[in-house]
Amino acid sequence: MRALVQTAFGGPEAVAVQRVPDPEPGPRDVVVEVAACALNRLDLLQRRGPGMLPGFSLPHIAGMDIAGRVVATGAAVTSRSVGDRVVIDPTVGCGCCPSCAADERGHCAALRVIGGNAPGGYAEFVAVPADLAYPVPDRVPLDEAAALPTPWSTAWQATYRVGEVGAGDCVVVQAAASSVSIAAIQLAKRAGARVVAVASTDEKLAVAAGLGADLLLRGDAPIAAPVRDFTDGRGADVVLDHVGAATWQRSLDCLRIGGRMVMFGNTTGDEVSFSLASVYHRGLRLLGSGAYTADDFGLMLQTYFSGGLRTVTAAECGLEDLHATFGLDNSRALVGRVLVRP
């Protein structure tokens, strides 16, 4: 089969299309013919190096967010059949540790991630455990399903399970045009919340507006005062922030007394400083939203497939065009996901 293979660390020259053996299914696996695989930021980071996930090694086939059709099944597989349309949960636990038993396989010490430290979807075919291949309804295009796994499950956990967003809440969403925030805006609106979208450009804010955001704020200007005006002086109930150091203080300043700060990323830096007194006197809750669970993934798909939600696609390309056309470094400038079609 054809696959985009990473053989070194560095720029676009570190990857190239090669011919590699077709994957064979283990007893409990399925082989999926990839219809589309969405570009993920981890792909960029691990291409530049070093590998971020334990067990990462070269050569490597990236691509975490995959949808396609089952073309082969292992001898013990009864839940999936050849021809099934599926989307893949990329997190693979050992199945027997305490984390896996608690449905927290993202914290498994032996975690494998399809496209992260195991062969992924930048290829014509990929082998995955059958229980990670979820059916896609016929009415949902496979390229749309490929845009869901990582960002929508991450947003689901941060918005609902950790942030506990509900009707009447005011929710501030930082980096509102990123893939995970595109999901979070819609999930918060579905819960009955009012959404304040913060983004770096008017073009990105226009996307957030189209998704239902109620207040649009540029991130290069103060945001705490407009949020308080919007909430009659009270402040936001929840801030969803995966940006990190660059937005940390402004996110805290937006919160009401007793508000919830949900953190699930650090793209602008990993270390921050803040006033402890400001946090504890105001009764703020600082909440980390880590690896999503299998339950989160299933509920996310159920909600998305019920209708009324949408993904945003920035561009599409083939395996040969991915690194040459987009340089793999320009994804931050794009609004929505880049879909790779092998």
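Modeller: Contact means heavy atoms within 4.5 Å. This is a predicted model: local features need pLDDT of at least 70, side-chain atom pairs count only at pLDDT 80 or more, and totals for chains, interfaces and linings use all residues. Residues are numbered from 1 along each chain as its sequence is written, and side-chain values use heavy atoms, leaving out hydrogens and water.

Colleague: How many helices and strands does the protein have?

Modeller: Both are DSSP runs, numbered from the N terminus: helices are H or I with at least four residues, strands are E with at least two. By that count, the protein has 11 helices and 18 strands.

Colleague: What is the radius of gyration of the protein?

Modeller: The radius is taken over C-alpha atoms, and the globule rule is 2.2 Å times the number of residues to the power 0.38. For 342 residues the rule gives 20 Å, and the protein is close to this, so it is as compact as a globular protein of that length. Its radius of gyration is 20 Å.

Colleague: What percentage of the residues in the protein is buried?

Modeller: Buried means under 20% relative accessible area, exposed means over 50%, and partly exposed lies in between, with a 1.4 Å probe and protein chains only. Of the 342 residues, the buried share is 53%.

Colleague: Which residues touch the most other members of the largest nonpolar core?

Modeller: A nonpolar core is a set of buried Ala, Val, Leu, Ile, Met, Phe, Trp, Tyr and Cys residues joined through side-chain atoms within 4.5 Å. The largest core has 50 residues. Its largest share, seven residues, comes from α5. The members that touch the most others are Trp152, Ile185, Leu240 and Leu301.

Colleague: Which residues does Ile185 touch, not counting residues up to four places away in sequence?

Modeller: Nonpolar side chains tend to be buried together in soluble globular proteins. Ile185 touches Val173, Ala176, Val195, Ala197, Ala208, Leu211 and Ala213.

Colleague: Which residues of helix α6 are buried?

Modeller: Helix α6 covers residues 202-210, and its buried residues are Lys204, Leu205 and Ala208. They lie on the same side of α6 because they cover an arc of only 100° around the axis, where the arc is that of the directions from the helix axis to the C-beta atoms. What covers them includes α5 (179-190), β12 (194-199) and β13 (215-218). So the buried ones, sharing one side, are Lys204, Leu205 and Ala208.

Colleague: Which residues are exposed on the other side of α6?

Modeller: An α-helix has 3.6 residues a turn, so residues three or four places apart point the same way. On the side of α6 away from its buried residues, the exposed ones are Glu203 and Gly210.

Colleague: Where in the secondary structure is Gln157, and is it buried or exposed?

Modeller: Gln157 sits in helix α4 (residues 149-162). Apart from residues up to four places away in sequence, Gln157 touches several residues, including Ser289, Tyr292 and Asp296. Its relative accessibility is 7%, so Gln157 in α4 counts as buried.

Colleague: Which residue stands opposite Val173 in β14?

Modeller: Strand β14 spans residues 236-241, and six of its six residues are buried. Strands pair if DSSP finds at least two bridges between them. Strand β11 (residues 170-173) and β14 pair in the parallel sense over three bridges. The residue opposite Val173 is Leu240.

Colleague: What is the bridge partner of Asp241 in β15?

Modeller: β14 also pairs with strand β15 (residues 255-263), in the parallel sense and over five bridges. The partner of Asp241 is Met263.

Colleague: Which strands stand at the edges of the open sheet β2-β1-β4?

Modeller: The three strands of this sheet pair in the antiparallel sense. Each edge strand has a single partner, so one side of it is left without a neighbour in the sheet. Strand β1 (residues 2-6) is joined to β2 by five bridges. The edge strands are β2 (15-19) and β4 (60-61).

Colleague: Which residues does Pro135 contact, leaving aside neighbours within four places in sequence?

Modeller: Pro135 is in strand β10 (residues 133-135). It counts as partly exposed because its relative accessibility is 47%. The contacts of Pro135 are Arg80, Arg85 and Phe305.
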